[in-house]
Amino acid sequence: MKINDINLFITNIKVIEFSITEITPVIEEVLNNKKEIKKRSKIYSKAGGLGNYLTDFKNPVKIIEYEKLMLMIGNFFANKGYNFTVNRYWTALYNNNSFHPMHTHCYPLDEKNHVNYSSVLYLTSEGGTDFYSPNPTSTEGVYTVKSEVGKMIIFPSNLLHGVIYNDNKNERMIISANLGIFKA
């Protein structure tokens, strides 16, 4: 007997690793803006998370150092023949018993909202992001990408994902974004 596999429709997740020198200014800027992020989260509290989950999703605080990193990534994609846009980004803070249920970032494409990818930039090494297989015949139903300081993942925006965070000692900090990555 001979058995072979054909892998169809493989989901590609890009992993970018920033050095400590590159990521430290972003972390410092988020920490300096943490009070405002929390304030905006309380004003706009219905952003999808539960428990001790805070986000400025509906009114994001501008993080200039993050925007500099995204320019670097945009240049990488431009050199590969792709247009790269950041549709929007936001910061999220997770504390003990935080929960952001399974969701996608899939929005209708129109002239203003060219989103086909999303990203998570990990500013701490706490927790991870759970991805759920859209294929009911998959042999692996959930895959967790572990948080590491300076790691960014870029994934298709229609890929189901979520977070359960239960650590009463350390805060989890991330910046998420919706992206457009299209062949030029």
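For the charge count used here, Lys and Arg are taken as positive and Asp and Glu as negative, with His and the chain ends left out. On that basis, the predicted model carries 20 positive and 17 negative charges, and the mean positions of the two sets sit 4 Å apart.

Turning to the overall fold, the protein is built from three helices and nine strands. Read from the N terminus, the order is β-α-α-β-α-β-β-β-β-β-β-β. The radius of gyration comes out at 17 Å, close to the 16 Å that the globule rule gives for 184 residues, so the protein is as compact as a globular protein of that length. The C-alpha trace spans about 60 × 40 × 35 Å along its principal axes. Among contacts with a separation of 6 or more, 83% join residues that are 24 or more positions apart.

As for inside versus outside, 41% of the 184 residues are buried. The surface that the protein exposes adds up to about 10900 Å², and carbon and sulfur atoms supply 53% of that area.

Next comes the packing. The largest nonpolar core holds 26 residues, and the ones with the most contacts inside it are Val26, Tyr66, Leu121, Leu123 and Ile175. Two or more residues of this core come from each of helix H1 (20-32), helix H3 (64-79), strand E3 (82-103), strand E7 (151-156) and strand E9 (172-183). Val26 makes a handy example: setting aside neighbours within four places in sequence, Val26 is in contact with Ile63, Glu65, Tyr66, Leu69, Leu121, Leu123 and Ile175. There is also a second, separate core of 13 residues, with Tyr94, Tyr122, Phe155 and Leu159 among them.

Two single residues round out the picture. Ser176 belongs to strand E9. With a relative accessible area of 7%, Ser176 falls under the 20% cut-off, so this serine counts as buried. Leaving out residues up to four places away in sequence, Ser176 touches Arg88, Tyr89, Trp90, Ser119 and Val120.

Asn97, for its part, is found in strand E3. Asn97 is not a glycine, yet it has a positive phi of about 65°. Its relative accessibility is 47%, so Asn97 counts as partly exposed, a label that covers values between the 20% limit for buried and the 50% limit for exposed.

Technical notes: Residues numbered from 1 in each chain as written. Predicted model: local features only at pLDDT ≥ 70, side-chain atom pairs only at ≥ 80, totals over all residues. Heavy atoms only, no water. Helix = DSSP H or I, 4+ residues; strand = E, 2+ residues; numbered from the N terminus. Rg over C-alpha atoms; globule rule 2.2 N^0.38 Å. Buried < 20%, exposed > 50% of the residue type's maximum accessible area, 1.4 Å probe, protein only. Contact = heavy atoms within 4.5 Å. Areas by Shrake-Rupley, 256 points an atom, 1.4 Å probe, with all protein chains shown as cover. Charge placed at Lys NZ, Arg CZ, Asp CG, Glu CD. Core = buried A, V, L, I, M, F, W, Y, C linked by side-chain atoms within 4.5 Å.
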